[in-house]
Every structure is written in C-alpha cells, then in structure tokens.
Amino acid sequence: MRPRSLRFRLYIAALISIFAALLIAGMSLVVIFEHHVERRIGTELETYLNQITASVELDETGRIAFDQPLADPRFNQPLSGLYWQIRDEVRPTLLRSRSLWDSVIELPVDELATGIIHKHIVSGPAAQVLLVHERHVTFQSTAGERRLRIAVAVTKQSLSSARNEFAADMLPYLLVMVTVLLLASWIQIRTGLAPLTALRRGVKEVRAGEISRLEPAYPEEVMPLVDEVNGLLDAQEQTIERARAWTSDLAHGLKTPLMVLTSEAMLMREAGNTDGANRLEELVETMRRRVDRELIRARLRSGAQQRPTLTDCEKIIRGIVRTLKRISGGEGLEWNISVPERVFALVPPDDLSELFGNLLENATKWARKTISVGLVPGDSLVIRIEDDGPGVPEDQLNSLGHRGLRLDEQKQGSGLGLAIAFDISRAYGGELVFERSTLGG
C-alpha cells in the first residue's frame, strides 16, 4: 500500500479521526466523572455540615460545645484529608477535628448570608489543597447572640485520585474501542473501494480483449466513470474502424495498379524482354507483400487485433512447414520439428500464423540444408527456430527486425518480415530474440 494510494489516505484519515474522537471522548468522560465525584463529595460535605450544625450547643454562659462523634473515622486521624472546624467571628473561640491536629483552616474573608453554604478552595495542613464548604449560623443564648462559621473540608487529592483511577480503568476499554473501530474502518474502506477494484479488473479485461465494454453493474457513484470509459471505447473503436477502412481503401487502390504492372510484365516476357519482365515481376511481388504486411501492421497498431484465444502452436507450425516444402527453396531442406502437441499460445490463429510464417520463411530463405524448430523447456512458452545458414555477425544481431532493413541484398525480399514478427510478438506481450545458432545460422 503506497502513500499516494486512496486506500492509504483513507486509512490515515480514519486513524486520525478515531484517535481524535476517542481522545476527546475520553477527556470528556474524565471531566464528567470528575464533576460527578465533586458533586458527590459536596453532598457528603453538606451532610457533615448539617450534622455538625445540628449538634452544636451553647450553654448559659455562651460557651460552645460539640461532643457528637461523626461516622467517618478520618476525622480522628491526623492529616487524613477530611476536616471540620467551628469558629466564632467575635470571640477567639475555635473548635476543630483531631485530623487538623495543630493546624487551622484559614478561611477567606467573606460576607456570609445566614444558612447559605459557601464553597472555597484554600490551602490546608501539610501543603494540602482543600475543598471547603462552610455555613454561617447564628445561635441565641442568655449571654447574647453568637455568630459561628462552621466549615467542613476535604483534600482535592481524593478527587484527583478518583479521577486518575477512573481514567486508568477506562483506558483498556478505549483500546478495545480503538481496535474495533479500526477493524470497522478497514472493512468499510475495503467495501467502499471494492467497486474501484472491480472497475480496474473490468478495464484490464477490456484491454486483454476478453470483453468489449464495461457492464453497468457498478454503484451509482462509479457509473459516471464507467459511462465515460465506455464512451472512450466507442470513440476509439470508431477511430480504429475509420483507420482500417482508410487502410483497406488504400490497399485496394494499390492492387489494381499492381495487376496492371503484372500484365505489363507478361507482355514484356512475350515480347522477349525476359530480364525486364523478371525485374518488374520482382518489384510487383515486393509491393504486394508490402501492402499485405502494412495491412497487418495497421491492424496491430490500431488495437483491432482479434480477441486472444488459445492456439495450438504445433498445428500452426506444421501447416506452415507443409506450405514451405512446396515452394522453391523449401522442398529440399531437412525439417526437424520437435514441438509437442497441445502447446498453446494466447494469440489468434491468423496472427500466430503470420508470426511463425515470417520467421520460418526467413529461415527457409537462408538455410543450406537444415531447419530446426523446437520447444525450450521452462515456465514460459519459448519456441526456438534455427537454420544452418551463414548467419549474421554478432554486432548486427540487435539490428535485425528494423523495418525495411536488409543485411544481405543477394536474396529477394523487402526486409519487412522480421519487422512484422516483431510487431505481432509485442502486440501480445511476447519477445523476439536473435542469437547465433549451434547449426551456424
């Protein structure tokens, strides 16, 4: 999966989105939990505050008394983090829990309405940060009115500890959610991009000639692209048909002059001009072969070749050999054919015949006594054609197959046979290689 692929980009986007969403969700849950714990602690502090307020007494002399034990044992543990304190605003009277030990909660100066609970965050003993709930209460006695500030405090460390424990407990579940969401995203992306994969296979089948058009069996979002591809194929087919028609018209237009030249050669021969007739007939034959081969080249280059089918190589080769044995130059040669039956190539019969025909005809033209055709063992289909002719110098082997190139002018030919063979082999994904043969050619 490459960085520029659409699948990679979607995976990265999904990964970032999932982690961002879960991070925000996790932080939000922690904040919500913290507020919930803070409200719960506030409710407990108000409960303690009510208990203390209800248990405070004043005697006849106005002395404050509070002897009611509270349920939470932390009030009796020094610096436990849970404290209460009663303070007189006028007289230097102070009562406090044993947990405060020798410390005092320094409450801020605040105008307190009677009975209303105020909340503060202040410094406490042992550098603790305290959450304080306090209430201003007025008591009546024979000694006069007493205004008291009753406060209950708890360290915020307990709130932070509860929050951290909740976050630690939540982390494994978040990791499970990340895994599930990543798997779901992977399935969603694969499902969403499946039509594009199917479209790629369809285009590949069109290119291979297995189908002519893409089927309208794609999702609605992909159909505009499918329609454009089919429209492009229609336009290409029309262009190819026009090119083929033009090439055919040109070929047919040249055949009539060639027939006239053939008649002229016959008249020259009858008139006794044998050398001129031979040269003219050779020229006509060269032009006729050039026209035929140009038609083949035009069809291959235009992409209008037949749909690839499995063709029996042994059957095609033996048919060509039988034909070459009946023409001048091939009847006296020794043909060694070692291609087994049922060896198939994914090439239409006509093009395979043209390919092997050009190669075997070239071998017939240069062979002295023997031509060998064999199958090279291996994973790929390799047909080896050898002759015992004079061969080609090593430095000129790479030049073979160039259009119109003739390395020896002593033999009749146009130099197009190997070029056509090159065109056919390339059109079907093959390769043509020239090497020195052990036979000499």
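At what angle do the axes of α6 and helix α7 cross, and within what distance do they come? I began my notebook with this pair, keeping in mind that the model is predicted.

**Entry 1: α6 and α7**

I looked up the two axes and found that those of α6 and α7 (residues 417-427) come within 9 Å and cross at roughly 145 degrees. I noted the crossing of α6 and α7 as left-handed. From α6 I listed D351, E354, L355, N358, L359 and N362, which meet G417, L418, I420, A421 and I424 in α7. Sorting the contact of α6 with α7 by class, I wrote down 6 nonpolar, 3 polar and 2 charged residues.

**Entry 2: α5 and α6**

I then turned to helix α5 (residues 313-325) and helix α6 (residues 349-366), whose axes come within 9 Å and cross at roughly 45 degrees. Because of that angle, α5 counts as oblique to α6. I recorded that α5 passes α6 in a right-handed crossing. On the α5 side I found C313, I316, I317, I320, V321 and L324, and these meet P349, L352, S353, F356, G357, L360, E361 and T364 in α6. By class, the residues of this contact divide into 10 nonpolar, 3 polar and 1 charged.

**Entry 3: α1 and α2**

Next I looked up helix α1 (residues 6-55) and helix α2 (residues 156-208), which pack at an angle of about 155 degrees with their axes 8 Å apart. Angles over 145 degrees count as roughly antiparallel, and therefore α1 is described as roughly antiparallel to α2. The crossing of α1 and α2 is right-handed, and I noted that their contact has 27 nonpolar, 4 polar and 5 charged residues.

**Entry 4: strand β11 and its partners**

Is strand β11 mostly covered or mostly open? I checked residues 370-376, which make up β11, and found that 5 of the 7 residues are buried, so that the strand is mostly covered in the sense of under 20% relative accessible area.

I then followed the pairing of β11 with strand β9 (residues 334-338), which is in the parallel sense and runs over 5 bridges. As one point along this pairing, I noted that T370 in β11 is the bridge partner of E334.

With strand β12 (residues 382-387), β11 runs antiparallel, and 6 bridges join the two strands. I marked two opposed pairs here: I371 stands opposite D387 in β12, while V376 stands opposite V382 in β12.

Which residue in the turn of the β11 and β12 hairpin has a positive phi? I found that the hairpin leaves 5 residues between the two strands, and that G378 in the turn has a positive phi of about 155 degrees.

**Entry 5: the chain as a whole**

Stepping back from the single elements, I counted 7 helices and 12 strands in the chain. Of its 441 residues, 36% count as buried. I also looked up how the contacts are spread along the sequence: among contacts in the chain with a separation of 6 or more, residues 24 or more positions apart account for 59%.

Conventions
Residues are numbered from 1 along each chain as its sequence is written. This is a predicted model: local features need pLDDT of at least 70, side-chain atom pairs count only at pLDDT 80 or more; totals for chains, interfaces and linings use all residues. Side-chain values use heavy atoms; hydrogens and water are left out. Buried means under 20% relative accessible area, exposed over 50%, partly exposed in between (1.4 Å probe, protein chains only). Helices (H or I, at least four residues) and strands (E, at least two) are DSSP runs, numbered from the N terminus. Two strands pair if DSSP finds at least two bridges between them. Axes are lines fitted to C-alpha atoms, for helices over the stretch in contact, and angles run from 0 to 180 degrees between N-to-C directions. Angles under 35 degrees count as roughly parallel, over 145 as roughly antiparallel, 65 to 115 as roughly perpendicular and the rest as oblique. A crossing is left-handed if the near helix is turned anticlockwise from the far one by less than a right angle, and right-handed if clockwise. Contact means heavy atoms within 4.5 Å. Ala, Val, Leu, Ile, Met, Phe, Trp, Tyr, Cys and Pro count as nonpolar, Asp, Glu, Lys and Arg as charged, and the others, Gly among them, as polar.
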